[in-house]
Amino acid sequence: ADSALFDSGKADIDSKAEKLLGSISSTLTEYADSIKMVRIEGHTDNRPINNKQFKSNWELSTSRAVNVLKRLLEISKLGPEKFSAVGYGEFHPIANNNTATGRTQNRRVDFIIEKK
(Lines give C-alpha, C1' and ligand atoms only; values in the text may rest on other atoms or scores of the structure.)
Protein backbone atom coordinates (compact mmCIF):
# COMPACT_ATOMS: atom_id res chain seq x y z
CA ALA A 1 0.00 0.00 0.00
CA ASP A 2 1.12 3.56 -0.61
CA SER A 3 1.23 4.22 3.13
CA ALA A 4 4.31 2.00 3.31
CA LEU A 5 6.29 3.97 0.74
CA PHE A 6 4.39 7.10 -0.30
CA ASP A 7 1.96 9.75 0.86
CA SER A 8 -1.26 9.82 -1.18
CA GLY A 9 -0.79 11.63 -4.50
CA LYS A 10 2.99 11.76 -4.00
CA ALA A 11 5.93 9.92 -5.52
CA ASP A 12 8.54 10.83 -2.89
CA ILE A 13 9.50 7.79 -0.85
CA ASP A 14 8.45 8.14 2.77
CA SER A 15 11.30 8.01 5.30
CA LYS A 16 9.61 5.14 7.15
CA ALA A 17 10.07 3.00 4.02
CA GLU A 18 13.85 2.84 4.38
CA LYS A 19 13.74 -0.33 6.50
CA LEU A 20 11.43 -2.05 4.01
CA LEU A 21 13.56 -1.11 1.01
CA GLY A 22 16.65 -2.22 2.94
CA SER A 23 15.07 -5.63 3.46
CA ILE A 24 14.14 -5.85 -0.21
CA SER A 25 17.69 -4.87 -1.17
CA SER A 26 19.15 -7.55 1.11
CA THR A 27 16.92 -10.20 -0.43
CA LEU A 28 17.82 -9.11 -3.95
CA THR A 29 21.52 -9.19 -3.05
CA GLU A 30 21.17 -12.69 -1.58
CA TYR A 31 19.74 -13.99 -4.86
CA ALA A 32 21.67 -11.69 -7.22
CA ASP A 33 23.26 -14.52 -9.19
CA SER A 34 19.81 -15.94 -10.00
CA ILE A 35 18.19 -12.64 -10.96
CA LYS A 36 17.96 -11.60 -14.60
CA MET A 37 15.73 -8.53 -14.11
CA VAL A 38 13.78 -6.72 -11.39
CA ARG A 39 10.83 -4.81 -12.85
CA ILE A 40 9.39 -2.22 -10.50
CA GLU A 41 5.75 -1.51 -11.34
CA GLY A 42 4.03 1.64 -10.10
CA HIS A 43 0.25 1.78 -9.63
CA THR A 44 -2.37 4.28 -8.47
CA ASP A 45 -6.03 4.26 -7.53
CA ASN A 46 -8.57 5.57 -10.04
CA ARG A 47 -8.92 9.05 -8.54
CA PRO A 48 -7.89 11.58 -11.19
CA ILE A 49 -4.81 13.66 -10.51
CA ASN A 50 -3.79 16.83 -12.30
CA ASN A 51 -1.33 19.12 -10.56
CA LYS A 52 1.98 20.86 -11.30
CA GLN A 53 3.98 17.70 -10.81
CA PHE A 54 1.66 15.05 -12.29
CA LYS A 55 -0.80 15.56 -15.13
CA SER A 56 -2.14 12.01 -14.85
CA ASN A 57 -2.03 8.78 -12.87
CA TRP A 58 0.31 7.40 -15.54
CA GLU A 59 2.92 9.98 -14.57
CA LEU A 60 2.38 9.46 -10.84
CA SER A 61 2.67 5.67 -11.09
CA THR A 62 5.78 5.88 -13.27
CA SER A 63 7.43 8.38 -10.91
CA ARG A 64 6.78 6.08 -7.97
CA ALA A 65 8.42 3.17 -9.78
CA VAL A 66 11.41 5.26 -10.88
CA ASN A 67 11.94 6.69 -7.40
CA VAL A 68 11.98 3.20 -5.88
CA LEU A 69 14.38 2.08 -8.62
CA LYS A 70 16.70 5.02 -7.88
CA ARG A 71 16.69 4.28 -4.16
CA LEU A 72 17.41 0.59 -4.71
CA LEU A 73 20.32 1.51 -6.97
CA GLU A 74 21.74 3.58 -4.10
CA ILE A 75 21.49 0.78 -1.51
CA SER A 76 21.58 -2.44 -3.55
CA LYS A 77 24.56 -4.33 -4.89
CA LEU A 78 22.64 -5.14 -8.08
CA GLY A 79 23.68 -3.04 -11.04
CA PRO A 80 21.38 -0.81 -13.09
CA GLU A 81 21.29 -3.36 -15.90
CA LYS A 82 19.15 -5.56 -13.65
CA PHE A 83 16.42 -2.96 -13.02
CA SER A 84 13.56 -1.47 -14.99
CA ALA A 85 10.57 0.67 -14.05
CA VAL A 86 7.08 0.90 -15.51
CA GLY A 87 3.90 2.75 -14.60
CA TYR A 88 0.43 1.27 -15.01
CA GLY A 89 -1.63 4.15 -13.63
CA GLU A 90 -4.99 2.94 -12.33
CA PHE A 91 -5.39 0.20 -14.93
CA HIS A 92 -4.20 -2.86 -12.95
CA PRO A 93 -6.16 -2.67 -9.69
CA ILE A 94 -5.97 -5.46 -7.12
CA ALA A 95 -8.89 -4.16 -5.06
CA ASN A 96 -12.15 -2.27 -5.50
CA ASN A 97 -11.64 1.48 -5.95
CA ASN A 98 -15.08 2.20 -4.42
CA THR A 99 -13.69 2.03 -0.87
CA ALA A 100 -10.87 3.86 0.88
CA THR A 101 -9.27 0.53 1.79
CA GLY A 102 -9.41 -0.64 -1.81
CA ARG A 103 -7.93 2.60 -3.12
CA THR A 104 -5.08 2.29 -0.60
CA GLN A 105 -4.35 -1.24 -1.81
CA ASN A 106 -4.30 -0.06 -5.43
CA ARG A 107 -1.74 2.68 -4.69
CA ARG A 108 1.30 0.46 -4.68
CA VAL A 109 4.61 -0.58 -6.19
CA ASP A 110 5.08 -4.22 -7.21
CA PHE A 111 8.38 -6.01 -7.71
CA ILE A 112 8.47 -8.56 -10.53
CA ILE A 113 11.61 -10.66 -10.42
CA GLU A 114 12.66 -12.54 -13.54
CA LYS A 115 15.02 -15.43 -12.93
CA LYS A 116 17.93 -16.31 -15.20
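**A three-stranded sheet and its helices**

Student: In what order do the strands of the open sheet stand?
Tutor: Happy to help! This is a predicted model, where local features need pLDDT of at least 70 and side-chain atom pairs count only at pLDDT 80 or more. The sheet is open, has 3 strands and shows mixed pairing (two strands pair if DSSP finds at least two bridges between them). Strands here are DSSP runs of E, at least two residues, and helices are runs of H or I, at least four, numbered from the N terminus. The order is β2-β1-β3.

Student: Which strands are the edge strands?
Tutor: An edge strand pairs on one side only. That describes β2 (83–87) and β3 (109–115).

Student: Which residue in β3 stands opposite Ile 35?
Tutor: Residues are numbered from 1 along each chain as its sequence is written. Strand β1 covers residues 35–42 and runs antiparallel to β3, with 7 bridges joining them. Opposite Ile 35 stands Lys 115.

Student: What angle does the direction of helix α2 make with that of β3?
Tutor: Helix α2 (residues 18–30) packs on the sheet, touching β1, β2 and β3. Contact means heavy atoms within 4.5 Å. Axes are lines fitted to C-alpha atoms, for helices over the stretch in contact, and angles run from 0 to 180 degrees between N-to-C directions. For α2 and β3, the angle is about 5°.

Student: Why does Arg 107 count as buried?
Tutor: Arg 107 sits in the loop between α4 (100–106) and β3. Buried means under 20% relative accessible area (1.4 Å probe, protein chains only). Arg 107 counts as buried because its relative accessibility is 13%.

Key
Heavy atoms only, no water. Buried < 20%, exposed > 50% of the residue type's maximum accessible area, 1.4 Å probe, protein only.
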